[in-house]
Amino acid sequence: MQSFIHRNRVVFLHLMFWCVYISFIGYQIIFWQRERGYDWNRALTFSSLQLAFTLTIAYLNYFLILPRFLKHKNFFRYLVEFLIPFAIVIISRIYVQRFIMTPDSPRAEYYSSAMFAVQVTAITLFIVIFVGMLRFASDWFELEAKKKEMENEKLVAELNFLKAQINPHFLFNTLNNLYYLAYSKSENTTEVIAKLSQMMRYMIYDSNHQKVLLSKEIEYMQSYISLERMRLNNQIPIQFDVKGNVGNVWITPLIFITFLENAFKHGVSNNNPNAWVNISIELDGKKCVYIVKNSKPPVKNETGEKSGIGLQNVKRRLALSYPEKHQLEIEDTAGVHLVQLNLTLA
């Protein structure tokens, strides 16, 4: 219902205005009926004529004359095109109303006066100007709608581009893992390929949706962690905790994986027996807290200069998908790297 009103808000503005105008006419009829015994048939005839002539010039200007002016931008030409039909309508209305007015009518003298002509001209001109302003409101609403649509299309295109960058980034990391397993002739190589196939299916199909179930995203993360466990021969303690009900919670896909990848890529290796990774996801209503905490190797990773690409990507995706609904904190101390992401989910 709200969406219907939003789409037709200009129509409702027109209807509201004419309802107020007709109410004012009705008030006049009732007032003169009480004061001077107005003839109801004549009153309704006069009111119908008044409304018909006013509607004619108002919407002639709204649909024909004003759009022509907005196209050619010539004010003098607009005045000529407007004043001629305006004068015809006003003169026609005055003479028609005077023609059907009988000498014994309570307001016959007023309808024959110059004051009546001035009043009709002024009120009609005011209404025409007001309805014309609704034309500008209509154009402004349409312009805003197109602008918003273009912005949304741009954001969707940028999100799709950023998401597309994740696939090669993920493949690069996983192929490195496969290379290591194949080089060491690990028995887990075939299992890794099966896991990779399952993860790629999620990335190609499920992650193309704007939102995915958080439980699906967690399954994807668990598959990635299992790949890392195999690569590290289960020598590194890895803890993954999920708290809260994640059954019917939706989230932008592939938001969490970058921080998880970085934890293993830059903080864990077989050469560091003290390495560890702790991951946690906690749900409390619409609040989601995601924490990735990992050890840091004593020797600085030489590939660190390339590590910022995925982080810049996910920061931009967060800004587009959760504007003013996320908070990212990164702490980098001597021996520990901590990432905490607070999300307000829809």
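**Notebook: charged pairs, one covered helix, two cysteines**

**Entry 1, Arg68.** I started at Arg68 and noted it as partly exposed, because its relative accessibility is 37%, between the 20% and 50% cut-offs. I kept in mind that this is a predicted model. Next I looked for a partner and found Glu81, which makes a salt bridge with Arg68; their closest N and O atoms are 2.9 Å apart. I then checked where the two residues sit. Arg68 belongs to helix H3 (residues 40–72) and Glu81 to helix H4 (residues 75–99), so this pair links distant parts of the chain, 13 residues apart.

**Entry 2, Arg77.** I moved on to Arg77 and saw that its side chain also meets that of Glu81 in a salt bridge, at 3.1 Å from N to O. Where do Arg77 and Glu81 lie relative to each other? Both are in helix H4, four residues apart, which means about one helical turn separates them. I wrote a reminder to myself: an α-helix has 3.6 residues a turn, so residues three or four places apart point the same way. Arg77 is partly exposed, with 37% relative accessibility. Putting the entries together, I drew Arg68, Arg77 and Glu81 as a linked network of salt bridges.

**Entry 3, Lys296 and Asp332.** I found a further salt bridge between the side chains of Lys296 and Asp332, with 2.7 Å from N to O. Lys296 is in the loop between strand S5 (287–295) and helix H10 (308–321), while Asp332 is in strand S6 (residues 326–332), so this pair ties together parts 36 residues apart in sequence. I asked myself which of the terms buried, partly exposed or exposed fits each partner. Lys296 is partly exposed at 28% relative accessible area, and Asp332 is exposed at 52%. My tally of salt bridges came to three. A general note for the margin: side chains of opposite charge can pair when their charged atoms come close.

**Entry 4, helix H9.** I turned to helix H9 (residues 257–267) and asked how many of its eleven residues are buried. I counted ten, and I noted the helix as mostly covered. Among the buried ones I listed Ile257, Phe259, Leu260 and Phe264. I was also interested to see Glu261 and His266 among the buried residues.

**Entry 5, cysteines.** Last, I looked for disulfides and counted zero. I still looked up two cysteines. Cys19 is partly exposed, because its relative accessibility is 49%. Cys288 is buried, because its relative accessibility is 1%, under the 20% cut-off.

How values were computed: Residues are numbered from 1 along each chain as its sequence is written. This is a predicted model: local features need pLDDT of at least 70, side-chain atom pairs count only at pLDDT 80 or more; totals for chains, interfaces and linings use all residues. Side-chain values use heavy atoms; hydrogens and water are left out. A salt bridge is a side-chain nitrogen of Lys or Arg within 4 Å of a carboxyl oxygen of Asp or Glu. Helices (H or I, at least four residues) and strands (E, at least two) are DSSP runs, numbered from the N terminus. Buried means under 20% relative accessible area, exposed over 50%, partly exposed in between (1.4 Å probe, protein chains only). A disulfide is a pair of cysteine sulfur atoms within 2.5 Å.
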